[in-house]
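Please look through the structure shown here, and then follow the explanation paragraph by paragraph.

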Amino acid sequence: MRGECVLGDAAEIVAGVLGIDVGEAARLMRRRLRAMSYRGLRYIVFRGETHGFREGTVILAGREPVVVHGYPAIRRLVLLSYTARHMVDRIVVEEKMNGYNTRVVYYEGEVYAITRGGYICPYTTARIRRMYGDKLRRLGEENPGVVLAGEVVGLENPYVPVYYPEAPGFDYFVFDAFRGDKPLPLRERDRLVSEYGLRRVRILGVIDKWDNESLRRFIELIEAEGREGIVIKDPEYRVPPLKYTTVSTNIGDIEEGMRYPFDEGKGYLFPRIVRLLAQGYEEDWRGEKLEEIAKRLGMAILRPALETLRKRAEGGLVAAEYRLVFPDEQVLGEFLEYMRSLGVDIVASIIGSTEEGLAARIMKIKETHDEYTRLLKTGISPLD
Ligand code: ATP
Ligand code: MG
């Protein structure tokens, strides 16, 4: 299959980087790693944690292999008033944007966009190169070894399409900068962002960790603006950050996920109920307030799932739809091949051309399609 490189070569590279013998590297290749390529650049994806490297780590295997570390998981805070227990003194409160995590690296003269899972996404890479290619190349030349991490947001988004007025179509907001596996102090990140003309996630404030009143105000603001949540960081990264999402986000995620109960739905439900449970405790929901939230939650679970089932019963396709803009036809082809190599059932149709390139409608067919088909055919539940 194109998009994958020869296994033997990859094992040798892995052996060299991890300091293990080739036999062990070959075994690892089969279990934990995956060899891929993008426009002639071979790379190796860590599909799970191994040898002290996080899932999502990548080895870029050009002339001189380098490791790009996986982006670390962020601890989720569910009781906002417990912030001080986890932080040192001052805290930076940033907006948590809702898109997809993208590491940007400059390697052997080119810019690459790497997803959370450790894959070079052909779509993201092409769009980021087009928007910020010159700036990112300069940043890479002048700051060797620096890897940026940021969120791709906007509607022209193949993973998490969410509308942002400041980025309606597609844009990239930096939230961290790394040297190796080490996050840089936030002022260093901010210097890079402003010096090279990039965009950064919004900082809501820099406050004392005990200042619960300000924290609560930030959450109310984020809730009122319909944004996702906040990330709380130590300015020097002396301790790891915390994330916190609003009540509306926690319910809204369930509503989104339950359009496809056998895909996102089942995994989304319980963790978000736990978040709401903690919020209900901290905010002391009772009586009418409790009923209001319970109704919203119930509707978020049932309504979208029922709508999809009706759609399937009427012969419709259960698929997630995206409108993407591809700089050219080559990128469209690369993206489809890439998604299919990851096992995604995807179809595309070109719907027009814009200044930015070709607009295409992409449909990802969901597991729920087949589960609903069987359910409607037999009347038997796939669960008990
Ligand atoms: P985790 O990162 O804990 O594995 P996840 O992949 O489910 O969880 P989220 O729950 O969305 O992701 O929360 C973490 C993600 O939030 C980060 O990986 C990053 O993509 C995104 N993010 C958005 N804004 C920020 C920000 N200001 N600082 C750090 N991360 C942010
Ligand atoms: Mg996210």
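Helix α9 (residues 287-313) and helix α11 (residues 367-378) have axes that come within 10 Å and cross at roughly 70 degrees, where an axis is a line fitted to C-alpha atoms, for helices over the stretch in contact, and angles run from 0 to 180 degrees between N-to-C directions. Because angles of 65 to 115 degrees count as roughly perpendicular, α9 is roughly perpendicular to α11. Helices here are DSSP runs (H or I, at least four residues), numbered from the N terminus. The contact (heavy atoms within 4.5 Å) is made on the α9 side by Ala305, Thr308, Leu309, Arg312 and Ala313, and on the α11 side by His369, Tyr372, Thr373, Leu375 and Leu376.

This is a predicted model, in which local features need pLDDT of at least 70 and side-chain atom pairs count only at pLDDT 80 or more, while totals for chains, interfaces and linings use all residues. Residues are numbered from 1 along each chain as its sequence is written, chains are lettered from A and ligands numbered from 1 in the order in which they are written, and side-chain values use heavy atoms, with hydrogens and water left out.

On a wider view, the chain is divided into domain 1 (10-68), domain 2 (75-240), domain 3 (248-313) and domain 4 (319-378), with bounds that come from an automatic or database domain assignment. The C-alpha centres of domain 1 and domain 2 lie 26 Å apart, and their contact takes 21 residues from domain 1 and 16 residues from domain 2. Between these two domains about 1,400 Å² is buried, with carbon and sulfur atoms giving 60% of that area; buried area is the accessible area (1.4 Å probe) that two parts lose on being put together, summed over both.

Definitions and conventions. Helices (H or I, at least four residues) and strands (E, at least two) are DSSP runs, numbered from the N terminus. Angles under 35 degrees count as roughly parallel, over 145 as roughly antiparallel, 65 to 115 as roughly perpendicular and the rest as oblique.
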